[in-house]
Structure formats: C-alpha cells, structure tokens
Amino acid sequence: MSFGQAISDAGARDGRFAVSAEARLALGLVGVWALMSVLTLAPGALVLTRHEGDAMHLAAMVLRMAEGQWPHVDFMTPIGALALAPIAGLVALGLGLGQAIIWSQILFAAALLPVIWWVAMSRFGSGWIGMIYGALVLVMVMAMVHGGTTQAVSVSMHYNRWAWALAFVIVPLVLVPSQRAYAPWREGTILGAAFVALALIKVTYVPALLPAVLLALSLRRAYGTMAWGVGCGLALCAGITMWGGLAFWQGYVADLFAVAQSETRQQPGGTLSQNLVAPTHLAGTLAGLAAVILLRKAGRPVEGIVMLALLPGFIVIAWQNYGNDAQWLPVVALALLVLRPERDRTAFVVTAAVALALSSGWMANMATSGLRMFGTDVSESGVFFPGAPAHADFRLDQTRLDKVVVATPYAPLAAPTDGPDWGLEIDECTLRSGGMRVFHAVADELAEAGYTGRPMLVADTFQSFWLFGDFPALPGGAPWYYGGLPGAAVAEIIAVPLCPTNPDVRTILMQAVTDAGWTYSEVYRGTHVAVLELGRP
C-alpha cells in the first residue's frame, strides 16, 4: 500500500464507515502537518525574537541564490545548497523572505510525508508509537526554533533540524527490522536519496552515520538495498553535477576545508568530552549505552551492534550543532519500545522513558514554537530591511530591534595591550545586541560619505552591508567571515566597524590583508565606521 492509497482508504465497508490502520496513520500525519502549517502561516509574517544575526546571514545567502548565484561557486559557505534552495526558489517566485522560509518548511515536510509514513508503518507500526515517530520528524522539519529551552522564534540553524529529520528516516531503516514486506529497491532508494540530501544540507551528518548504516546492511546481508542506495546516490550526484558542474563540488569541498581550518569559527558549544560526560549529557550517554546492552541481552545482537556503531555518530553530530542537544535520544527511545521483548520489558521501557524525559525540554520547545508563531502580534515588530518592501514580512521583535548593547573594557581592570599595529586608533568595543540597528547606521554612514557602489571587505563577522544599502555583494565573498580574504580580488575598500560583533575577526582579517602584502590607508572616520583604501602590490 502506498501513502496515496492509505489516504484514500476510507469509506463504506459492509455498510459501515471504516478506516484501516495504515489510513489512520496517514491521516494523523497529514493532520499534524496541516496544524503546524496553519499555526506558522497564521501571522502572515515571520517575526523573529532571537538570533537575528544568523537570520541576516541566511537572508544574504538566500537572496544571492534567488538572483541565480550558486553557493560555493559565487559565494563561500559551508552550508549546503539544499538548505537554501527551497527558500531561494520561493523568493525567486515572488514570495517575501518571511513567507518563503515558512513555506519552504511546509513543502519540505510535505515531500517527506510519504517516506515518514512508510518508515513509521514498517518499523514502528500503525499505532501510537508510529504516530509519535511521525509527529517527531514533522516537528523537526517545521519547528520555528532550533531546540534548547529558550522560548523564542528563530530560523537559526534550520539546516540542523532538517538534517536530523533525515537522520530520523535513515536510523530506523537500519536499526529496526521491517514489519512489512521488505523491498530492497524502496529502502535503498530512500537511503540513497536521504544521504545525498544530507550531504547537500549539512555534510557532517554523512560521515557520522554512513559507517553504521553500511555495517547494518552488511550484517543483515541486505546487499540489494545497498546496491539500490549506491545507485540512487550516484544518479542524483550525477544529475547535480550536470546542473552545477564540477566547480560546484570543488567549491563545496574547498569551503568545508577552509571552515575546518578557520581561526574565527567558534565552538558551537561544549567540547567533545563534555558532550559525553558533562552533567547535562552523561545521563543521555548512559541511556545510549544501556540500549546497546539491553538489545544484546534480549537476543538482538545485530540491533545491539548497530546501536553501538550509531552512538559515536550521534554524539559527534550533537557536538557539532549549536546548543549540543542530544536530539538522537527520542528515536532511540522509540526503537527500544518497538524492540522490547515479550518478557522482561521493564528495563526497555524504563530506558526509553529516561531518554524521552531527557529530551522533553527541547522537544516541547520545538513542538510549541508554532503556537508562539500563532500568537505573534506583528504590530510589535519592525522589518529587517526597510529598503526592501518585497521582504516586509521578514521582521524582528521591536525590543530586539531597538535595544543596542555594547561591551567595553572596564578601565581599572583592563590589561594594558598594544594590540595589532594597523596604524589605526580604535577603542575596544564589542556589539552584543541590537545589530540590525547598528548595521543600518553603518550602511547609512557609508552612503552619506560617498561609498555606495564600492566593493568592500568588512572587518567583522558579517560581510553583507549590501543588504542595507546600495553596495555590491562581493563575487566569491563570504556572507559570514571564516578566514582568509574571500572576494578580496575585487574589493576596493575595507569597512571597519568601530564596534564590531567580533573584534577577533577584525584582527584576523587585517592580519590576512597584511600577509597578502597589501597596503591600506584610512580615508574616512565616522561615528560608526572607518574606511580604509586598499592598495595592492
């Protein structure tokens, strides 16, 4: 039975209205999808209450793609093209940024619905466990916050959520034996397509999960599934290569290596060891190890080995993601509930309950984020880009828009330092919040000083002042600075914010300019920004 057949499988049987279990599951998943769609679309705009810097970064990449540019070819980013393409495509069709972001999630979830239904039905059954699984995956795609317990509306790291959703499709297929007729072509196609999608959203998920998946298929002698998966993956990659050319893949690899070696790339959270044994993570690690032991003792050696192989990848993914939420715990819990033996079930149920309890904070935050969207008062917000009426639905809470917070050293405690010798006198200052207001002020100041139309490097993390004024986006530039001098070949000036979001980035960029043998001289100093004229040897 297909997903479409399940949806249509409701009608009169023997004179009575009846719905099969498969149809109930399909209708339930469609109901969750429809409810979350309505909640997030209801305000008519996307009003963010957190992570506006990340939102600006996303907007810069999406708008460049909507103009026909390719990530990794026309601009530098480690974020995969598939994380941006659905939004960019909708913007290119005429939607504002806010609606495009919301609709991209709705459409991505809709595309996954048949796959989610099949995995739920074949691995978790058509009952409540399957329904919980399906709802969990839909929430991962359609939530309006990355996780954590801070109640906010944020599009930051949406690609992590999308990638986890794909991981939640992959893991049950290799961990839990199928309860339905096994079709190698179907499962191989799903696995191959899911891994290609992961590679094009956030590539770190691929090496974290692929070894365990190959091990699982080998242990089960599912060589047909493996062959279909490899074939599907290669076919999709060939299609992408025909469309984007080899330059796309070469640029992607170069961007990933550049970011891996970056001095400015901050740790997204705790260290790897902290993600294993810190007080916030130790219980989750122990729950994962308990799952391995329980499966082995229950006479499920293959499932136990696969779980053991998956755990390092789960932990590495959580370590690489901002916030370090152990978002793998719920799918492990549901797998334990389905794999529990007929006798001595207590340990399985208790371990699953512990895993779900440890996940309850971020799961509840993500599941209720749609309700926060539904209750949004759009009048208490301001637009991100006032100069772009087409994107008036992309908004920020007025309090965050207005409140500018900066940090400066406390003079009696500040350690004396000469700092880098740039030939510039700049007071130490760091912008903590209110970035949108300051970025607008910097852009206005540059325009009034006559620097419109001048290609510029920005001595700060965010390189996209073109979003706020008539400045060209640097070809080959990086919307978020990771290191080096991306796009500098055509830059004529360097804009030096006097209160940057990250002074360390300013230091690193200026050192890179010096190391390249370039000269510069200050030609303008305003209230918010200094301008350096670049000279090349």
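**Group meeting: a buried histidine, a three-stranded sheet and two helix contacts**

His146 is buried, because its relative accessible area is 8%, and the cut-off for that word is under 20%. Please keep in mind throughout that we are looking at a predicted model.

Where in the chain does His146 lie? His146 belongs to the loop that runs between helix H6, residues 128–142, and helix H7, residues 158–175. Leaving aside neighbours within four places in sequence, the contacts of His146 are with Arg50, His51, Ser156, Met157, Arg161, Tyr322, Gln327 and Met366.

I should like to set a second residue beside this one. Leu358 sits in helix H16, which covers residues 346–367. Leu358 has a relative accessible area of 38% and is therefore partly exposed. Not counting residues up to four places away in sequence, Leu358 touches Ala283, Gly284 and Leu329. As for distance, Leu358 and Gly435 are separated by 77 residues in sequence, and their C-alpha atoms lie 34 Å apart in space.

Let me turn to the sheet. In general, the strands of a sheet pair through backbone hydrogen bonds, either parallel or antiparallel. In this model, an open sheet of 3 strands shows mixed pairing, and its order is S3-S5-S4. Why is one side of S3 and of S4 left without a neighbour in the sheet? Strand S3 (46–48) and strand S4 (381–383) stand at the edges and have a single partner strand each, so one side of each remains without a neighbour there. From one strand to the next, the twist averages 35°.

The two pairings can be taken in turn. S3 and S5 run parallel and are joined by 3 bridges. On this side of the sheet order, Val47 has Arg395 in S5 as its bridge partner. S4 pairs with strand S5, residues 394–397, in the antiparallel sense, again over 3 bridges. Here Ser381 has Asp397 in S5 as its bridge partner, and Gly382 stands opposite Leu396 in S5.

I come now to helix packing, beginning with helix H5 (residues 97–124) and helix H8 (residues 184–199). Their axes come within 12 Å and cross at roughly 125°. H5 and H8 are therefore oblique to each other. In this crossing, which is left-handed, H5 passes H8. Which residues meet there? From H5 come Val115, Trp118, Ser122 and Arg123, and they meet Arg186, Glu187 and Ile190 in H8. By class, the residues of the contact of H5 with H8 comprise 3 nonpolar, 1 polar and 3 charged.

The last contact joins helix H9 (residues 205–219) to helix H10 (residues 223–244). Their axes are 8 Å apart, and the two helices pack at an angle of about 145°. On the H9 side, the contact is made by Leu214, Leu217 and Ser218, and on the H10 side by Tyr223, Thr225 and Met226. How many charged residues does the contact of H9 with H10 have? There are no charged residues in it, and the others divide into 4 nonpolar and 2 polar. In the contact of H5 with H8, by contrast, 3 residues are charged.

How values were computed. Residues numbered from 1 in each chain as written. Predicted model: local features only at pLDDT ≥ 70, side-chain atom pairs only at ≥ 80, totals over all residues. Heavy atoms only, no water. Pairing = 2+ DSSP bridges. Helix = DSSP H or I, 4+ residues; strand = E, 2+ residues; numbered from the N terminus. Axes fitted to C-alpha atoms, helices over the stretch in contact; angles between N-to-C directions. Buried < 20%, exposed > 50% of the residue type's maximum accessible area, 1.4 Å probe, protein only. Contact = heavy atoms within 4.5 Å. Parallel < 35°, antiparallel > 145°, perpendicular 65-115°, else oblique. Left-handed = near helix turned anticlockwise from the far one by under 90°. Nonpolar A, V, L, I, M, F, W, Y, C, P; charged D, E, K, R; others polar.
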